[in-house]
Amino acid sequence: MLTRLKKIAVLLVIFMVLTLILVPTAVDKTKSTIRVQPPYKVSEPGLALFDSLDFVADLHADSLLWQRNLLKKHDYGHVDIPRLIETNVALQAFTLVSKTPAGMNYKSNSADSDQITALFILQARALKSWFDLTQRVLVQAEQLYVFANQSEGRFRVIKNQQELRQYLHDRLQNPAITAGFLGIEGAQALQGQLENIETLDHAGIRMVGLAHFFDNEVGGSAHGEVKGGLTPFGHKVVRDLEQRQMIIDLSHASTQLLDDVLNIATRPLIISHSGVKGTCNNQRNLSDAQLMKIAAGGGLVGIAMFEQAVCGIDAAATARAITYTANLIGIEHVALGSDFDGGVLTPFDVTGLPLIVDALLAAGMSEADIIKVMGENAKDFLLMNLPAS
């Protein structure tokens, strides 16, 4: 009898180990998918212009959610460090997801459920992160530093202007390196505690999205139930973030939350990943009036690369949104904000970014303006708005 129990116990352990190894990867492969697999066919003019770019940057990728080894090149998902280097991407924003509701949709979501708990348990993440939203983002942030430390100098995490300038200098000597900076997707990660801003600040998180797919203690989501404005706690959060020179990201914000923050903000704001109603009219996207207000404050709008944001699943759809936004608010306020690895279908993985250059050329955008959209605007924004040191 005892021998039989031992065999059952061994089989259970084997089953659990296989589950922890196989299930997270299987989930990763099914959540962040690609319409067309690489390699990608790019025109000679498009490829020549892309290869000439000194600085390519993207403002949004949720790659750390999936516990993928970003030091290795994968044939699934959208981003890893080898693919960033292969594509000459200089800077990738790594945005940290802490909670998503069951049945997540773009119209209305309650905060009463959470899909990330099961994911973190299956991934065997640190126990402290299973039920604590602040710890969830800290665990993901720590992982990016681990990748940097193990990258043999190929990758680094940028936290301030001084580090960015040093990186730009180093990259002139060795273009086969890349970098990232950290943001969070939704201020629910603060868990209603103002002191958690200091915790995130010390972890090197430099961009804070106030909302994600549900209303939280700071204010309303475009996809929440109430979709309200900035709460009294939210006012304190905005003031604290600005004092710390942490960049406020208004992606997913309700109309009222966005307007409330625009009315009190004293520093430029960012939209890390969105579309615009002018080319894709839905509640996920920004109106002309909102775009103009963001630009008037010196802000930056990252245009996303998935169907719900741009009403298409090719580079041309993203190029239409980029061109429309640039014509409306000025080229200096537009950047790339893919939403890579955000559980969405994209036209391509990060190695397909040259197709955006192709599409912008086809749309009639000048080479000088394409250079700005592909990364120079993001670089300039960060050199002005990250902490000095």
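In the predicted model, helix α4 contributes 4 residues to the lining of the largest pocket, the largest share of that lining. The volume of this pocket comes to about 570 Å³. A total of 29 residues line the largest pocket, and those nearest its centre are T100, M104, Q115, G342 and G343. Two elements, α1 (2-31) and α4 (116-122), give two or more residues each to this lining. By residue class, the lining of the largest pocket consists of 13 nonpolar, 10 polar and 6 charged residues.

The second largest pocket holds about 360 Å³ of space. Its lining is made up of 21 residues, with P38, Y40, E86, T87 and T351 closest to the centre. At least two lining residues come from each of α2 (44-52) and α3 (81-86). Helix α2 supplies 3 residues, which is the largest share of the lining of the second largest pocket. Nonpolar residues number 9 in this lining, while polar and charged residues number 6 each.

Two backbone features were also examined. The peptide bond that joins P38 to P39 is cis, and its omega is near 5°. Residue P38 is also one of those closest to the centre of the second largest pocket, and P39 is located in the loop that runs between β1 (33-34) and α2. The second feature concerns N88, which is not a glycine and has a positive phi, near 65°. Residue N88 belongs to the loop between α3 and β3. For reference, a negative phi is found in most residues other than glycine, and most peptide bonds are trans.

The packing of two helices is described by the angle between their axes and by the distance between those axes. For helix α5 (residues 133-150) and helix α7 (residues 195-202), the angle is about 10° and the axes are 10 Å apart. Angles under 35 degrees count as roughly parallel, and α5 and α7 are therefore roughly parallel to each other. On the α5 side the contact is formed by T134, V137 and L138, and on the α7 side by N196, T199 and L200. The residues of this contact comprise 3 nonpolar and 3 polar residues, with no charged residue.

Aromatic pairs were counted from rings whose centres lie within 6.5 Å, and the count comes to 4. One pair is formed by F94 and F155, whose ring centres are 6.1 Å apart. The planes of these two rings stand at 85°, so the pair is edge-to-face, given that angles over 60 degrees are assigned to that class. The pair links distant parts of the chain, with the two positions 61 residues apart in numbering. Residue F94 is in strand β3 (residues 91-97), and F155 is in strand β4 (residues 155-157). Strand β3 also bounds, together with α3, the loop that holds N88.

Note on methods:
Residues are numbered from 1 along each chain as its sequence is written. This is a predicted model: local features need pLDDT of at least 70, side-chain atom pairs count only at pLDDT 80 or more; totals for chains, interfaces and linings use all residues. Side-chain values use heavy atoms; hydrogens and water are left out. On a 1 Å grid over the protein atoms alone, a cavity is a set of points where a 1.4 Å probe fits but cannot get out, and a pocket is an open set with protein on both sides within 12 Å along at least five of seven lines; lining residues have an atom within 4 Å of a point. Grid points are joined across faces, edges and corners, and a volume is the space filled by probe spheres set on the points. Ala, Val, Leu, Ile, Met, Phe, Trp, Tyr, Cys and Pro count as nonpolar, Asp, Glu, Lys and Arg as charged, and the others, Gly among them, as polar. Axes are lines fitted to C-alpha atoms, for helices over the stretch in contact, and angles run from 0 to 180 degrees between N-to-C directions. Angles under 35 degrees count as roughly parallel, over 145 as roughly antiparallel, 65 to 115 as roughly perpendicular and the rest as oblique. Contact means heavy atoms within 4.5 Å. Rings of Phe, Tyr and Trp (its six-membered ring) pair if their centres lie within 6.5 Å; planes under 30 degrees apart count as stacked, over 60 as edge-to-face and the rest as tilted.
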